[in-house]
Amino acid sequence: MTAFAFTVMAVQLVVLTALYLLGRRHVRGGDGPEPMPETCPRLAVIVPVTGDHPGMREAVASLLDQDYPDFTAVFVTASADDPAAALVAGVAGADPRVLMVVAGPATRCGQKNHNILAGIRAAATAELFVFCDSSHVADRHFFTNLAAPIIRGDAPMTSGFHKIVPGDGKTATIGMANTCMALHLLQPIRAITQPWGGAMAISRQAFDRFGLVELWGRNIVDDFSMGPHLHRFGVAAWPVAAACLETPMAGVPLSHWDDWLTRQLLYLKFCIPPGWLVSILAVFVLSAPPVFAALLLLGWCFGWTSPLVGWGTLVYVADFLGLGLAYRGLCPRPIGILPWLRGYVATFLMLAWCFGRTFVTGSMSWRGITYKVGWGGVVKEIRRG
């Protein structure tokens with residue numbers, strides 16, 4: 001059993017080291033911003049919005065302060081009385097580039113998908129679509145960064161990502177920053193690159209050719225459904241390192257981190273079931289070693305294991321925490337060593353807990369709506385309230 005534990009611990013260290021080495025350049029911005037294309041086709045950014053949350057005004061304002069010369073910003077709510085409608089109106093004022101759309105309640109798909117499709121119908125003249133969440137702050141080059149590879153003909157679709165900017169050292173805040181960073185580090189690995197719905201772009205021609213209206217019109221989510229669907233056409237999202245949003249966060253409760261990570265893993269289970277099954281091994285390799293190390297150190301303290309085992313475990317702990325400090329260097333805001341390492345260690349335990357939760361549910365709850373979901377992420381039933 002001890003040999004098995006040390007084997008798993010060694011594999012975890014190799015995986016974490018490889019992830020850092022393969023993704024760090026991408027997370028740090030790659031080659032920098034994309035050059036402005038010589039021609040800039042008309043672009044529409046589709047932004048589903050709901051509620052009135054801290055930081056949302058800054059995020060909406062950043063999407064209107066872009067250097068791309070010809071764009072329309074389409075903000076979509078489910079209902080006319082959603083507080084987000086007044087928020088957007090207050091930020092946009094009389095900006096002629098802004099269009100507000102009311103999508104109504106979804107009946108066959110996730111509400112976000114329903115809102116996006118309503119936004120697309122409203123963007124009748126756009127040749128490029130950018131899809132963006134309303135909770136992240138963009139720099140002025142964001143649209144250009146996503147659109148330039150498509151305009152050049154490098155790819156029909158691009159994807160950016162986001163960095164969580166921790167505003168404090170709370171365990172859940174740092175844990176969410178670590179979780180997001182791990183996903184960000186995976187983006188440049190082309191064999192597994194998946195589009196991220198909070199920052200992606202596609203040409204209208206490709207959108208129509210790949211049948212995304214039909215796909216999204218019956219699915220629980222946009223990006224997790226799009227990835228495997230596009231792979232059937234031999235298409236993968238082109239990762240754009242410079243198209244990186246910032247997500248300020250502070251005071252995050254453990255329950256919020258728990259619910260958010262469980263949702264991400266449920267999307268994987270519903271939309272990419274083989275990937276979810278493979279992830280059982282991946283989650284074990286990542287999450288079991290800290291538990292093994294704690295048990296081995298406890299056994300050493302009580303004389304149940306040999307000194308060699310104890311010292312070997314300490315070497316693992318030092319390497320594990322050392323990698324945590326390396327990841328800390330990728331955080332966009334300096335965080336104290338102890339708060340960072342506390343959140344870093346907690347990330348592996350939370351991953352195991354949230355993944356375990358995915359075994360016992362076949363539904364997804366989000367913003368007061370519960371979706372019963374079938375194979376491939378197809379929505380079977382929608383319950384409100």
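How much area does the chain expose, and what share of it do carbon and sulfur atoms supply? The chain exposes about 16,800 Å², and carbon and sulfur atoms supply 64% of that area. Keep in mind that this is a predicted model.

## The chain as a whole

Let's start with the overall build. The secondary structure comes to 13 helices and ten strands. The radius of gyration is 22 Å, close to the 21 Å that the globule rule gives for 385 residues, so the chain is as compact as a globular protein of that length. If you want a feel for the dimensions, the C-alpha trace spans about 75 × 45 × 40 Å along its principal axes.

Now for the inside. Buried residues make up 53% of the 385 residues in the chain. As for who touches whom, take the contacts with a separation of 6 or more: residues 24 or more positions apart account for 79% of them.

## Strand 5, under cover

Strand 5 covers residues 157-166, and ten of its ten residues are buried, so this strand is largely enclosed by the rest of the structure. In a regular strand the side chains alternate between the two faces of the sheet. Here both faces are covered. On one side sit M157, S159, F161, K163 and V165, all buried. On the other side are T158, G160, H162, I164 and P166, and these are buried too.

## Who pairs with strand 5

Strand 5 pairs with strand 6 (residues 199-203) in the antiparallel sense, over three bridges. If you'd like a spot to look at, find S159: its bridge partner in strand 6 is M200.

Strand 7 (residues 238-249) is another partner, and here the two strands run parallel, joined by eight bridges. A handy place to see this pairing is T158, whose bridge partner in strand 7 is W238.

## Cysteines without disulfides

How many disulfides does the model have? The count comes to zero, with a disulfide taken as a pair of cysteine sulfur atoms within 2.5 Å. Take C180, which is in no disulfide: the nearest cysteine sulfur belongs to C244 and is 7.9 Å away. C180 is also buried, with a relative accessible area of 2%.

What about C354? Its sulfur is 15 Å from the closest cysteine sulfur, the one in C180, and that is too far for a bond. C354 is buried as well, with a relative accessible area of 0%.

Notes: Residues are numbered from 1 along each chain as its sequence is written. This is a predicted model: local features need pLDDT of at least 70, side-chain atom pairs count only at pLDDT 80 or more; totals for chains, interfaces and linings use all residues. Side-chain values use heavy atoms; hydrogens and water are left out. Buried means under 20% relative accessible area, exposed over 50%, partly exposed in between (1.4 Å probe, protein chains only). Helices (H or I, at least four residues) and strands (E, at least two) are DSSP runs, numbered from the N terminus. Two strands pair if DSSP finds at least two bridges between them. The radius of gyration is taken over C-alpha atoms; the globule rule is 2.2 Å times the number of residues to the power 0.38. Contact means heavy atoms within 4.5 Å. Accessible areas come from the Shrake-Rupley method with a 1.4 Å probe; for residues, only the protein chains shown count as cover.
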